[in-house]
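Trainee: Please take one part of this structure and go through it closely, then show me how the rest can be read in the same way. I would like to know which side chains pair up and where they sit.

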Amino acid sequence: MDGFDNIVSVKWLKDHLNHPNVVVLNGTIQKVSSNFQSEEQQIENARFFDIKNAFSDASAEFPNTIPSEIQFQTEAQKLGINHDDFIVVYDEFGIYSSPRVWWLFKTFGHNNVAVLDGGFPEWKAQKFPTEVKTEKQYNSGNFIAKYKPNNIVYFESLEAINKDPNFKIIDARSNDRFMCRVPEPREGLRSGYIPNSVNLPYQNILNEHKFQHKEQIASTFKDLANNNQHLVFTCGSGITASILSLAATLLGYNNSVYDGSWTEYGTLTTGNMQDPKQWSKEELLAYILIFVAHSDLEETKKEKEYILSRVDKDIYKRVEEKFNQDNDYQSIQNIIEAVKTHDYYRNDLADLFADIKLMAFADGGFDIMEKEAYHYLKKILK
């Protein structure tokens, strides 16, 4: 189809909306920590592409995990998608989750797919036709999925990729998240970043709800990577990494998406214990309990047993090693910094101090030094 590319304008879609092979998909997914209210209207004849449920592996440990080839094929056929369809994907934010749908179709062998530049906000701004959303049934399509492994990177490959100068890992999260200045939205997930990765917040290649001009995007990428490098994109859970993947594809870069992204990597790896901002909540709990247990210069066997009932043995071992390197002042500063990163609330702190008391009483007493450490922590962390 003439003019069909990886992105299309709202005018292009309006002109081709009634073409028998054009299928419009609404790939909206709610943003984390957003007051998003789903639109009641949609582009005419749009079909809802359910990323979270139908098109993710719901049984996986991490969110938005890519589905199996057969699952993707089955769900695409349920939407009435055929092998010769020209698919246009939009979302209700403009550019947010629609590139994830684009990336999924590319990864499962369907190249005739494009993202609607500006999405539904731009469509409405141009006063193009909409309709009320209704649930519909479709005749089963004949779409056949053909998995393309080069489009995706898994955790097991990252160590080798990190050592290979032909690859560059680029993180699409905000700079505050990348630099550990704010906590991760996912409860309990430590802050941090993949070693040797660089940061390109996805908003930096957008102009409000549309992509920037190609020349601007090319200049941004030029500062981060060489033309001959294979780019690997990561984010929180694989959604906004796909925005950068689409942009890189437009520029001609070979690229892949790390599907598990920081949620997987941060969970499966140990943080930098020298940087409290990268500690997990479990590491912080272990550090605080060890700190109180040592306030009387001796951690009893019962206290250690309690701590090990609350945290993993390997976590205890690396936290104890870090604690033994620190003096009292450093320990307090570490605790303050780590608590700030995890944005503890009143109930969280109540649970934390309950843990401290239970640990202190594990050996049958709450001596004066432990009490002083307990009250001091309450004072500085309230």
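Mentor: Start with Glu184 and Arg177, both of which are buried. The two form a salt bridge, and their closest N and O atoms are 2.7 Å apart. Keep in mind that this is a predicted model. The pair does not stand alone: Asp171, Arg173, Arg177 and Glu184 are linked in a network of salt bridges.

Within that network, look closely at Arg173. Its place is the loop between strand 9 (167-171) and helix 6 (175-178). Is Arg173 buried or exposed? The cut-off for buried is under 20% relative accessible area. Arg173 has a relative accessibility of 2%, so it counts as buried.

Next, see what the side chain of Arg173 meets. One partner is the side chain of Asp171, with which it makes a polar contact at 2.9 Å. Another is a backbone atom: the oxygen of Gly192 lies 2.8 Å from a polar atom of the Arg173 side chain. Leaving aside residues up to four places away in sequence, Arg173 touches Phe178, Glu184, Gly192, Tyr193, Asn199, Pro201, Cys235, Gly236 and Trp262. Glu184 is thus on the list of contacts as well as in the salt-bridge network, and Gly192 is on that list too.

The structure holds 16 salt bridges, and two others are worth setting beside this network. Asp355 and Arg310 meet through their side chains, with 2.8 Å from N to O. Asp355 belongs to helix 14 (residues 346-360) and Arg310 to helix 11 (residues 301-310), so this salt bridge ties together parts 45 residues apart in sequence. The two ends have unlike surroundings. Asp355 is buried, at a relative accessible area of 8%, whereas Arg310 is partly exposed, at 35%.

The other example is Glu131 with Lys136, where the closest N and O atoms are 3.3 Å apart. Glu131 has 19% relative accessibility and therefore counts as buried, the cut-off being under 20%. Lys136 is partly exposed, with a relative accessible area of 33%.

The question of burial can be put to a whole helix as well. Helix 8 (residues 241-251) has eight of its eleven residues buried, so the rest of the structure largely encloses it. Those buried residues are Ala241, Ser242, Ile243, Leu244, Ser245, Leu246, Ala247 and Ala248. After helix 8 comes Gly252, which has a positive phi, near 90°.

Part of the surroundings of helix 8 is helix 7. Two packed helices are described by the angle between their axes and the distance between the axes. The axes of helix 7 (residues 214-222) and helix 8 come within 10 Å and cross at roughly 105°. That angle makes helix 7 roughly perpendicular to helix 8. On the helix 7 side, Lys214, Ile217, Ala218 and Phe221 take part; they meet Leu244, Ala247, Ala248, Leu250 and Leu251 of helix 8. Sorted by class, this contact has eight nonpolar residues, no polar ones and one charged one. Leu244, Ala247 and Ala248, which meet helix 7, are among the buried residues of helix 8.

Loops can be read in this way too, and three Asn residues serve as examples. Asn45 is in the loop between strand 3 (41-43) and strand 4 (47-48). Its phi is positive, about 70°, although Asn45 is not a glycine. Asn45 is partly exposed, with a relative accessible area of 46%. Asn64 is in the loop between strand 4 and helix 2 (69-78). Its phi is also positive, near 60°, and again the residue is other than glycine. Asn64, however, counts as buried, at 6% relative accessibility.

Asn21 sits in the loop between helix 1 (10-16) and strand 2 (22-26). With a relative accessible area of 22%, Asn21 is partly exposed. It touches Asp84, Asp85 and Phe86, residues up to four places away in sequence not being counted. For a sense of distance, take Asn21 and Ala360: they are 339 residues apart in sequence and 69 Å apart in space, from C-alpha to C-alpha.

To return to the part you asked about: Arg173 is a loop residue that counts as buried, and it is linked with Asp171, Arg177 and Glu184 by salt bridges.

Key. Residues numbered from 1 in each chain as written. Predicted model: local features only at pLDDT ≥ 70, side-chain atom pairs only at ≥ 80, totals over all residues. Heavy atoms only, no water. Salt bridge = Lys/Arg side-chain N within 4 Å of Asp/Glu carboxyl O. Buried < 20%, exposed > 50% of the residue type's maximum accessible area, 1.4 Å probe, protein only. Helix = DSSP H or I, 4+ residues; strand = E, 2+ residues; numbered from the N terminus. Polar contact = N/O pair within 3.5 Å; in protein donor to acceptor, adjacent residues only side chain to side chain. Contact = heavy atoms within 4.5 Å. Axes fitted to C-alpha atoms, helices over the stretch in contact; angles between N-to-C directions. Parallel < 35°, antiparallel > 145°, perpendicular 65-115°, else oblique. Nonpolar A, V, L, I, M, F, W, Y, C, P; charged D, E, K, R; others polar.
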